[in-house]
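Me: I'd like a close look at the salt bridges here, and then at the surroundings that go with them. How many salt bridges does the count come to? Please keep it connected, as I have the model open beside me.

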Amino acid sequence: MTKLEEQIQILDFPDLGDERGNLVVVEGGSAIPFDIARIFYIYGSDEEVIRGKHANLKSEFVMINVSGTSRVKVDNGHESRIIELNRPRMGLYLKSMVWKEMYDFSPDSVLLVLSNEHYDPKEYIRNYDDYLKMVRK
Ligand code: TYD
C-alpha cells in the first residue's frame with residue numbers, strides 16, 4: 001500500500017523578486033518535478049463548487065493558487081488530507097492515481113495547474129467506486 005505522503009508533496013518556490021515586486025519562476029524538471037506538457041487555470045468558481053473529483057492513470061499535477069485561496073482534498077483510497085493553497089509561492093505536487101477535489105475557492109482564486117501529460121479523457125477515472133476498486137485490489 002503506497003502512503004499518501006509519498007504520493008503528494010508541498011513545494012515551496014523561491015521568490016526572485018526585488019523592490020519592483022515579486023517574481024516566482026517554475027521550470028519543468030527542476031522546481032516542477034516533471035516536464036510540463038499542459039497548463040490550465042481555474043477561476044470564477046464559487047465557494048460552494050467542488051471541482052476535480054477524479055484521479056488520473058498517467059497525469060501528474062502541480063497546483064498553484066497564483067491568486068486567492070482554495071482547498072484541495074487528496075485521497076488515495078486509504079488516507080486523505082486537506083491542503084489549503086494560500087500563497088503564490090506554494091505548489092502542491094500530486095503523482096498519478098491520487099483522487100482530488102478542489103473547493104472553497106475565494107472570489108479572487110486563480111488556480112494554476114501544470115501537468116506532465118496532454119489532456120486525454122481516457123486516463124481520467126471519474127467514478128469514485130471504480131477508483132477504490134483499482135487502488136484497493
Ligand atoms: P474537468 O476535468 O471537469 O475540470 P476540473 O478538473 O477542474 O473539475 O474538465 C471540464 C471540461 O474541460 C471537460 O469537458 C474536459 C475539458 N478539459 C480539457 O479539454 N482539457 C483539460 O486539460 C482539462 C483539465 C479539461
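Reply: The count comes to 6 salt bridges, taking a salt bridge as a side-chain nitrogen of Lys or Arg within 4 Å of a carboxyl oxygen of Asp or Glu. Please keep in mind that this is a predicted model, in which local features need pLDDT of at least 70 and side-chain atom pairs count only at pLDDT 80 or more, while totals for chains, interfaces and linings use all residues. Residues are numbered from 1 along each chain as its sequence is written, and side-chain values use heavy atoms, with hydrogens and water left out.

Let's start with E117 and K58, whose closest N and O atoms are 3.9 Å apart in their salt bridge. This pair ties together distant parts of the chain, 59 residues apart: E117 sits in the loop between β9 (110-115) and β10 (124-125), and K58 in the loop between β3 (51-56) and β4 (61-67). Strands here are DSSP runs (E, at least two residues), numbered from the N terminus, as helices would be (H or I, at least four). E117 is partly exposed, at a relative accessible area of 22%, and K58 is partly exposed too, at 46%. For these classes, buried means under 20% relative accessible area, exposed over 50%, and partly exposed in between, with a 1.4 Å probe and protein chains only.

Next comes the salt bridge between D104 and R71, with 2.5 Å from N to O. Here again distant parts of the chain are linked, 33 residues apart: D104 belongs to the loop between β8 (99-103) and β9, while R71 is in strand β5 (70-75). Both ends are partly exposed, D104 at 28% relative accessibility and R71 at 29%.

K122 and D120 make another salt bridge, with 3.6 Å between their closest N and O atoms. K122 counts as exposed at 69%, whereas D120 is partly exposed at 22%. Beyond such pairs, shared partners join R71, E84 and D104 into one salt-bridge network.

Several of the strands just named also belong to a sheet. It is an open sheet of 5 strands in the order β6-β5-β8-β3-β10, paired antiparallel. Its edge strands are β6 and β10, each pairing on one side only. Strands count as paired if DSSP finds at least two bridges between them, and β3 and β10 are joined by 2 bridges. One place to look is A55, whose bridge partner in β10 is I125.

Strand β3 has two more residues to visit. N56 lies in this strand and is buried, at 1% relative accessible area. Leaving out residues up to four places away in sequence, N56 touches F61, S96, M97, K100, E123 and Y124, where contact means heavy atoms within 4.5 Å. K53, also in β3, is partly exposed at 40% and has a positive phi near 60 degrees. M97, one of the contacts of N56, has a positive phi as well, about 65 degrees, without being a glycine; M97 is in the loop between β7 and β8. Most residues other than glycine have a negative phi.

Turning inward, the largest nonpolar core has 18 residues, of which I8, M63, V74, L85, L92 and L111 touch the most other members. Such a core is a set of buried Ala, Val, Leu, Ile, Met, Phe, Trp, Tyr and Cys residues joined through side-chain atoms within 4.5 Å. At least two residues of this core come from each of β4, β5, β6 (80-85), β7 (90-94) and β9, and β7 gives the most, with 3. L111 is a good place to centre your view: among its contacts beyond four places in sequence are F40, I42, M63, L85, M102 and F105. Another core of 9 residues lies apart, including I32, F34, V62 and Y93.

To finish outside, I36, I39, Y41 and Y43 make a nonpolar surface patch of about 460 Å². Patches use residues with over 30% relative accessible area and no salt bridge, joining like charges within 9 Å and nonpolar side chains (Val, Leu, Ile, Met, Phe, Trp, Tyr) within 5 Å; accessible areas come from the Shrake-Rupley method with a 1.4 Å probe, and for residues only the protein chains shown count as cover. Within this patch, I39 is in strand β2 (38-43) and counts as exposed at 53%.
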